[in-house]
Amino acid sequence: MSREEMPKSWKALGYGDHETIRHFQGVAERREKLEEKYPELAGDRRPVLAHEGIFENRPLRAGDDIEASVKAAVAESSSHSALQGTP
């Protein structure tokens, strides 16, 4: 199970059900060991600095070149708007 598939809310964890929490804790620990052995499975773990507006489709992450990221996001946003016929 990938990190994206793991539960992220109290409700998804059965409102704190001990067995459910114990299960997903084991799943997370196994995933962590797998990612240590195969780092390519971990994906990009850098913090997301911006994810709204022009960065909606391509989040700005820590360490990204801001100027290049803004240019790419604006170009992508413009082409996306043109395809949908919105200004």
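Valine 74 sits in helix α2, which covers residues 66–84 of this predicted model. With a relative accessibility of 38%, valine 74 counts as partly exposed, because that label goes to residues between the buried limit of 20% and the exposed limit of 50%. Valine 74 also has company at the surface: together with Ile54, Ile66 and Val70, it makes up a nonpolar patch. The accessible area of these four residues adds up to about 290 Å².

Leucine 60 tells another story. This residue belongs to strand β2, made of residues 60–61, and its relative accessible area is 9%, so it is buried. What does leucine 60 touch, once its neighbours within four places in sequence are set aside? The contacts are Pro47, Val48, Leu49, Ala50, Phe55 and Ser69. Lysine 33, on the other hand, has its C-alpha atom 28 Å from that of leucine 60, with the two positions 27 residues apart along the chain.

Stepping back to the overall fold, the protein chain has two helices and two strands, and they come in the order α-β-β-α along the sequence. Its C-alpha atoms fill a box of roughly 50 × 30 × 20 Å along the principal axes. The radius of gyration is 18 Å, whereas a compact globule of 87 residues would come out near 12 Å. Buried residues account for 15% of the 87 residues. Of the contacts with a separation of 6 or more, 14% join residues 24 or more positions apart. The accessible surface amounts to about 6,900 Å², and carbon and sulfur atoms contribute 55% of that.

Then there are the charged side chains. Side chains of opposite charge can pair when their charged atoms come close. Nine salt bridges turn up in the whole structure. One of them pairs arginine 3 with glutamate 35, whose closest N and O atoms are 3.0 Å apart. This pair links distant parts of the chain, since arginine 3 lies in the segment before α1 (18–37) and glutamate 35 lies in helix α1, 32 residues away. Arginine 3 is partly exposed at 28% relative accessibility, while glutamate 35 is buried at 7%.

Aspartate 44 has two partners. Its side chain meets that of arginine 46 in a salt bridge at 2.8 Å, N to O, and that of arginine 61 in another at 3.4 Å. Arginine 61 is in strand β2 and aspartate 44 is in the loop between α1 and β1 (48–50), so this second bridge ties together parts 17 residues apart in sequence. Elsewhere, salt bridges with shared partners join Arg3, Arg31, Glu35 and Arg45 into one network.

Note on methods: Residues numbered from 1 in each chain as written. Predicted model: local features only at pLDDT ≥ 70, side-chain atom pairs only at ≥ 80, totals over all residues. Heavy atoms only, no water. Patch = residues over 30% accessible without salt bridge, like charges linked within 9 Å, V, L, I, M, F, W, Y side chains within 5 Å. Areas by Shrake-Rupley, 256 points an atom, 1.4 Å probe, with all protein chains shown as cover. Helix = DSSP H or I, 4+ residues; strand = E, 2+ residues; numbered from the N terminus. Buried < 20%, exposed > 50% of the residue type's maximum accessible area, 1.4 Å probe, protein only. Contact = heavy atoms within 4.5 Å. Rg over C-alpha atoms; globule rule 2.2 N^0.38 Å.
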